[in-house]
Amino acid sequence: MPATEFQGSAAAQSGRSVFSLKRHSHVTPVVMDGGQSLDLDTFQSHVSDCFQQLSSSSHDLLSLSWLRDLLNSFLRIHHQFKLLILSTPKSHLSKPTVDRLLSDYFERSVKGLDVCNAIRDGIEQMRQWHKLLEIVLCALDRDRTLGEGQFRRAKKALIDLAIAMLDDKDNTSNNTTLAHRNRSFGRSNTPAKDYRSVGHFRSLSWSVSRSWSAARQLQAIGNNLCAPRPNEIAATNGLATAVFSVNSVLLFVMWALVAAIPCQDRGLQVHFTIPRTFGWAAPLLSLHERIMEESKRRDRRNACALLKEIHQIEKCSRLISELADPVQFPLSEDKEGEVRQRVQELSELCEGMKEGLDPLERQVREVFHGIVRSRTEGMDSLGKTNE
């Protein structure tokens, strides 16, 4: 998902008004099922319903399933917003205040493209962890006799996994240190040309630059994001409230993804200032508070990410490591039974993660292309071309 080229195009036009060209073009309003145009109240109700469902979801917060629900909600809201814009009379869209607000919305949404790319990298990174876990599961397979060789192989994979998942809090704020660690993720005795190492994968796979920062990108998305003033609402016939809503949703979704998935230079210090008059404010702010509380837990403060499945795998892997060191052979019946139980738990966790990553990656791609497509269609529908 090459965000750089698209951002370059946006940057080249940043000084131009999004709806400044060919204002005489005719726009046919888009209607919903039953022939009714989407209005502001319907849009706000839709956003509220989505966040109420996310807040009361049966899926655990920050699990793969919950993230998929989050992205589904974003895609629906994003689509509804596009319908709202296309349903708005052209006389309203041509107003300078509306033009400025929509230009600002497009610029914020384009900044989300690099976040999508970074999240895709994080998902691929988790797949590399899964390969190390498969080594552990193969070495300690229930159909094998557990001997010293099997434990040695499992312990080496667990050590490599622990190194790969390490995300020291101080290092995440230092890009130079982070870049160095990315080049040396493997064990010290791993040959530099070992293409199987996690370190080698990370040094070559990132689609965002070494100096890129998730924390700074989130700050850019949320910069100067504030609720519209009464005069702005009046000047835009209420459309300013919808733009503020979709911008807030964009910021929250990107922030939640960065919180959950391993990401370069993560930072969660994003503040949301949303008047309670917005029906979706309470559930969104509640989710923000719950995620922040999760990040402050003692066992999560230095975690590489807050995804529930990552935490479970870290915990299970640590227990297996403790069981494997030290160990005397032959294993006692109780010891072997405990090892087998932990390995079975790890196997189930790995299967769940494997099944959940592919659908999540597809949704991230859909969000990426949806942002690009929405921006392009939004301009094209009003006759703007890249002149």
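Is Leu62 buried or exposed, and what is its relative accessible area? Leu62 is buried, with a relative accessible area of 1%, where buried means under 20% relative accessible area, exposed over 50% and partly exposed in between, computed with a 1.4 Å probe on protein chains only.

The model is predicted, so that local features need pLDDT of at least 70 and side-chain atom pairs count only at pLDDT 80 or more, while totals for chains, interfaces and linings use all residues. Residues are numbered from 1 along each chain as its sequence is written, and side-chain values use heavy atoms, with hydrogens and water left out.

Two loop residues can be set side by side. Helices are DSSP runs of H or I with at least four residues, strands are runs of E with at least two, and both are numbered from the N terminus.

| Residue | Phi | Loop | Relative accessibility |
|---|---|---|---|
| Leu62 | near 65° | between H2 (40-55) and H3 | 1%, buried |
| Asn224 | near 60° | between H10 (214-222) and H11 (230-235) | 64%, exposed |

Most residues other than glycine have a negative phi. Phi of Leu62 is a positive value in a residue other than glycine, and a positive phi is likewise found at Asn224.

Aromatic rings of Phe, Tyr and Trp (its six-membered ring) pair if their centres lie within 6.5 Å, with planes under 30 degrees apart counted as stacked, over 60 as edge-to-face and the rest as tilted. By this rule there are 10 aromatic pairs. One of them joins Phe81 and Tyr105 in an edge-to-face arrangement, at 4.8 Å centre to centre and with 65° between the planes. This pair links distant parts of the chain, since Phe81 lies in helix H3 (residues 64-87) and Tyr105 in helix H5 (residues 96-139), 24 residues apart. Phe81 is buried at 2% relative accessibility, and Tyr105 is buried at 3%. Both belong to one aromatic cluster formed by Phe43, Phe81, Tyr105 and Phe106.

Tyr105 also meets His78, a residue of helix H3 that counts as buried at 8% relative accessibility. The side chains of His78 and Tyr105 make a polar contact at 3.0 Å, that is, a pair of N or O atoms within 3.5 Å, of which, within protein, one must be able to donate a hydrogen and the other to accept it, residues adjacent in sequence counting only if both atoms are side-chain atoms. Leaving aside neighbours within four places in sequence, His78 is in contact (heavy atoms within 4.5 Å) with Tyr105, Gly370, Ile371 and Ser374.
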